[in-house]
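Ready for a few short exercises? Open the sequence and the structure side by side, and try each task before you read its solution.

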Amino acid sequence: MLLSLLSPPPAPIRFFTTPPFSKEKLLMRKRSRTLAKASDEDEDKPAFNPFGFVTDNPSSRSAIQLPESPAEDGNVGQMLYRIEDKGKEYGSYIKSGGFRWFVRETGSPQSKRGTIIFLHGAPTQSFSYRVVMSQMADAGFHCFAPDWIGFGFSDKPQAGYGFDYTEKEFHEVFDKLLVTLGVSSPFHLVVQGFLVGSYGLTWGLKNQSKISKLVILNTPLTVSSPVPGLFQQLRIPFLGEFTCQNAVMAERFIEAGSASVPNRKKNLLCGSYVLKLEKADVYRLPYLASSGPGFALLEAAKRINFKEITSQISVGFSSGSWDKPILVAWGISDKYLPRTVAEEFQKGNPDVVKLKLIEGAGHMPQEDWPEKVVDALTVFLR
């Protein structure tokens with residue numbers, strides 16, 4: 001009894017309805033749980049890929065493993081394995097002038113209607129002419145379409161080692177190729193596109209006697225011709241080196257050159273233009289296979305003087321300077337070169353230049369609507 005009176009009373013029992021934490025500690029716990037949940041979710045996502053722009057796009061995803069898989073699930077090696085044999089219709093390799101050319105050929109040397117040489121522009125390749133040259137062979141022509149040196153499936157020599165990607169050198173190797181192919185003059189010449197496409201025209205100015213008739217598809221023809229952003233970027237130090245290694249550069253250039261998708265049933269354009277996968281694969285392939293095509297394009301873009309070349313073309317094909325028949329077949333939905341370029345060019349030599357506007361086609365009519373190009377060629381080359 002005495003001991004109980006002297007002992008201190010027991011501490012009162014307290015019941016807490018909430019944990020004995022301050023408001024700040026509760027917020028910290030909540031934030032910690034949120035971060036942990038986000039971390040778990042991130043583990044299921046692919047890691048950041050700094051070069052995702054090469055593969056993370058609609059036309060590339062289907063080329064890598066399964067269509068529904070994220071682009072990062074595949075790699076360049078798998079993509080190359082899937083597409084390495086595509087896009088070589090009618091083509092073979094030919095040694096000429098110390099280089100290996102890839103040349104497409106349709107028809108026969110005995111074709112009665114003559115020979116047509118098709119020259120592509122940058123940053124594309126002769127693949128763009130595959131449908132046109134096949135149908136022109138059916139119409140009785142012997143057709144050749146080479147990949148320029150540095151482009152497509154032809155050799156891509158390193159600048160400074162036998163080829164520097166100048167206008168003069170492109171002309172010289174083309175002369176040698178014509179001899180190797182056994183092309184007799186005069187022949188019909190079809191040209192399209194920027195840079196090497198323009199070099200095809202300046203070659204023609206220096207070899208007028210070798211040309212029977214000239215066909216020009218969407219090519220810079222006047223000093224007012226705009227220069228696309230791609231070629232401007234290639235001429236900027238460091239940015240050019242990075243830009244030239246974009247594996248989807250060629251297909252994106254083609255897609256941006258046409259505002260919409262050709263609707264052949266309604267003869268009009270509708271929706272955003274996206275190359276079909278089987279076509280995109282071929283335009284992408286050279287740039288995926290090695291760095292050579294990108295650096296070849298870079299060197300060519302650095303060396304060309306666009307204003308000088310277009311001035312040379314505008315003056316050289318004007319009245320009094322050129323008298324061979326010219327057909328300008330122009331895709332009127334070209335986002336790089338407006339139709340005013342073609343109209344201005346025609347005014348410089350109206351007696352010789354015939355203008356044919358192609359509705360439903362953009363910068364590359366031979367790719368956008370080859371049937372209409374064939375119709376125009378067939379009538380003009382009678």
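The exercises below concern a predicted model, and each is followed by a worked solution.

**Exercise 1. Get an overview of the chain.**
How many helices and strands does the chain have, and what percentage of its residues count as buried?

Solution.
- Start with the secondary structure: there are 17 helices and 10 strands.
- Turn to burial: of the 382 residues, 49% count as buried.
- Finish with the contacts: among those with a separation of 6 or more, 74% are between residues 24 or more positions apart.

**Exercise 2. Check the length of two helices.**
What span should helix H13 and helix H12 have at 1.5 Å a residue, and how far apart are their end C-alpha atoms?

Solution.
- The expected span is 1.5 Å times one less than the number of residues.
- Helix H13 covers residues 292-303, so its 12 residues should span 16 Å; the end C-alpha atoms lie 17 Å apart, which agrees.
- For the 13 residues of H12 the expected span is 18 Å, and the end C-alpha atoms are 17 Å apart, which agrees too.
- Now look along H12 (277-289): there is a bend of about 35° at Tyr 283, with a proline, Pro 286, following within four residues.
- Both Tyr 283 and Pro 286 are among the buried residues of H12.
- H12 also helps to cover the buried residues of H13, as do helix H9 (229-234), helix H10 (239-243) and helix H11 (249-256). Those buried residues of H13 include Leu 297, Leu 298 and Glu 299.

**Exercise 3. Describe the cavity.**
Which residues line the largest cavity, and which element gives the largest share of the lining?

Solution.
- Count first: there is 1 cavity of 30 Å³ or more, and the space in the largest cavity is about 30 Å³.
- List the lining: Pro 123, Thr 124, Gln 125, Gly 152, Ala 250, Tyr 283, Pro 286 and Tyr 287.
- Assign the shares: H12 gives the largest, with 3 residues.
- Sort by class: 5 lining residues are nonpolar, 3 are polar and none is charged.

**Exercise 4. Find the unusual backbone.**
Where are there cis peptide bonds, and which residues other than glycine have a positive phi?

Solution.
- Recall the background: most residues other than glycine have a negative phi, and most peptide bonds are trans.
- The bond from Ala 122 to Pro 123 is cis, with omega near 5°. Pro 123 sits in the loop between strand S3 (115-119) and helix H6 (130-138), and is one of the residues lining the largest cavity.
- The bond from Ser 185 to Pro 186 is also cis, with omega near -5°; Pro 186 is in the loop between H7 and strand S5 (187-192).
- Tyr 165 has a phi near 65° and lies in the loop between strand S4 (142-146) and H7.
- Leu 195 has a phi near 60° and belongs to the loop between S5 and helix H8 (196-206).

**Exercise 5. Classify by accessibility.**
Are Thr 222, His 171, Tyr 165 and Leu 195 buried or exposed?

Solution.
- The cut-off for buried is under 20% relative accessible area.
- Thr 222 has 1%, so it is buried; its contacts beyond four places in sequence are Thr 310, Ser 314, Val 341, Glu 344 and Phe 345.
- His 171, in helix H7 (residues 167-181), has 6%, so it is buried. Beyond four places in sequence, His 171 contacts Tyr 199, Thr 202, Trp 203 and Lys 206.
- Tyr 165 is at 1% and therefore counts as buried.
- Leu 195 is at 0% and therefore counts as buried.

Definitions and conventions: Residues numbered from 1 in each chain as written. Predicted model: local features only at pLDDT ≥ 70, side-chain atom pairs only at ≥ 80, totals over all residues. Heavy atoms only, no water. Helix = DSSP H or I, 4+ residues; strand = E, 2+ residues; numbered from the N terminus. Buried < 20%, exposed > 50% of the residue type's maximum accessible area, 1.4 Å probe, protein only. Contact = heavy atoms within 4.5 Å. Bend = angle between axes of the 7 residues up to and from the residue. 1 Å grid on protein atoms, 1.4 Å probe; cavity = no way out; pocket = protein on both sides within 12 Å on 5 of 7 lines; lining within 4 Å. Points joined across faces, edges and corners; volume = space filled by probe spheres on them. Nonpolar A, V, L, I, M, F, W, Y, C, P; charged D, E, K, R; others polar.
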